[in-house]
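This report follows the charged side chains, the aromatic rings and the strands of one protein model. Please keep the sequence and the structure in view while reading.

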Amino acid sequence: MRPAPVIHATSESRGEGRWLLRFEVHVPSAYEAVWPALTTADGLRGWLAAADVLERRLGGAVTLHWSNGGATVSGHVTAWDVERVVEYTVGEHGRMRFHLEAVGTDSTVIRFLDERAGTDEERLDCLAAWHRRFELLESALQGRPRAP
């Protein structure tokens, strides 16, 4: 049995109801396959959310619709370094940053952070939800996309 893709996850308070989640995710896919899963409407739909709007550039508009009955959130692409870093800052989901690092030719480490506001209960729910999302990402990268 393969271990879960999440190697390490932490959370820290940023004061006054704000917190930062950090994940280190190891996926057995080349970064050339991982990048489109994080930065295209088709890729995001397979594991995270429907991208109703996705302008793939720094400052571009983004609108994500969570299929699990969640909200539709809008914002902007706040970091864009092709095949290395993408960051979306969207509504209540705050700042979501993905930093890719190739490991050899057939695996990738994703260093992810989510900075947002919320209660301690929401923080714990968010930790669990991101863990599940990264499991869905790994499935999508293996050719088995699922609606999140």
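In this predicted model, Arg14 has a relative accessibility of 42% and therefore counts as partly exposed, since a residue is called buried under 20% and exposed over 50%. Its salt-bridge partner is Glu12, and the closest N and O atoms of the two are 3.7 Å apart. Glu12 is partly exposed as well, with a relative accessible area of 34%.

**Salt bridges**

The structure holds 13 salt bridges, and the table sets out some of them with the N to O distance.

| Acidic residue | Basic residue | Distance, N to O |
|---|---|---|
| Glu12 | Arg14 | 3.7 Å |
| Glu55 | Arg57 | 3.0 Å |
| Glu101 | Arg111 | 2.7 Å |

For the pair in the second row, the relative accessible area is 33% for Glu55, which is partly exposed, and 43% for Arg57, which is also partly exposed. In the salt bridge between Glu101 and Arg111, Glu101 belongs to strand S7 (residues 94-103) and Arg111 to strand S8 (residues 107-117), so this pair ties together parts that lie ten residues apart in sequence. Glu101 is partly exposed at 36% relative accessibility, and Arg111 is partly exposed at 35%. Salt bridges that share partners also join Glu12, Arg14, Arg22, Glu87, Arg95, Arg97 and Glu115 into one network.

**A buried member of the network**

Is Glu87, a member of that network, buried or exposed? With a relative accessible area of 5%, Glu87 is buried, because the limit for a buried residue is under 20%. Glu87 is found in strand S6, which covers residues 85-90. The side chain of Glu87 makes a polar contact of 2.6 Å with the side chain of Thr78, and another polar contact, of 3.1 Å, joins the side chains of Glu87 and Arg95. When neighbours within four places in sequence are left aside, the residues in contact with Glu87 are His76, Val77, Thr78, Ala79, Arg95, Met96 and Arg97.

**The sheet and a helix**

How are the strands ordered in the open sheet? Eight strands form this sheet in the order S1-S2-S8-S7-S6-S5-S4-S3, with antiparallel pairing. Strand S1 (6-15) and strand S3 (50-54) are the edge strands, each of which pairs on one side only. On average, neighbouring strands of the sheet are turned by 20° against each other, with direction ignored. Strand S5 (residues 72-81) runs antiparallel to S6 and is joined to S6 by six bridges, and Asp81 stands opposite Val85 in S6. Helix H3, made up of residues 120-141, lies across S1, S2, S7 and S8 and runs at about 25° to S2.

**Aromatic rings**

A pair of aromatic rings is described by the distance between the centres and the angle between the planes. The count for this model comes to ten aromatic pairs. One of them is formed by Phe23 and Phe112, a tilted pair with 6.1 Å from centre to centre and 55° between the planes. This pair links distant parts of the chain, with Phe23 in strand S2 (residues 18-27) and Phe112 in strand S8, 89 residues apart. Both Phe23 and Phe112 are buried, and they belong to one aromatic cluster together with Trp47, Phe98, Trp130 and Phe134.

How values were computed
Residues are numbered from 1 along each chain as its sequence is written. This is a predicted model: local features need pLDDT of at least 70, side-chain atom pairs count only at pLDDT 80 or more; totals for chains, interfaces and linings use all residues. Side-chain values use heavy atoms; hydrogens and water are left out. Helices (H or I, at least four residues) and strands (E, at least two) are DSSP runs, numbered from the N terminus. Buried means under 20% relative accessible area, exposed over 50%, partly exposed in between (1.4 Å probe, protein chains only). A polar contact is a pair of N or O atoms within 3.5 Å; within protein, one must be able to donate a hydrogen and the other to accept it, and residues adjacent in sequence count only if both atoms are side-chain atoms. Contact means heavy atoms within 4.5 Å. A salt bridge is a side-chain nitrogen of Lys or Arg within 4 Å of a carboxyl oxygen of Asp or Glu. Rings of Phe, Tyr and Trp (its six-membered ring) pair if their centres lie within 6.5 Å; planes under 30 degrees apart count as stacked, over 60 as edge-to-face and the rest as tilted. Two strands pair if DSSP finds at least two bridges between them. Axes are lines fitted to C-alpha atoms, for helices over the stretch in contact, and angles run from 0 to 180 degrees between N-to-C directions.
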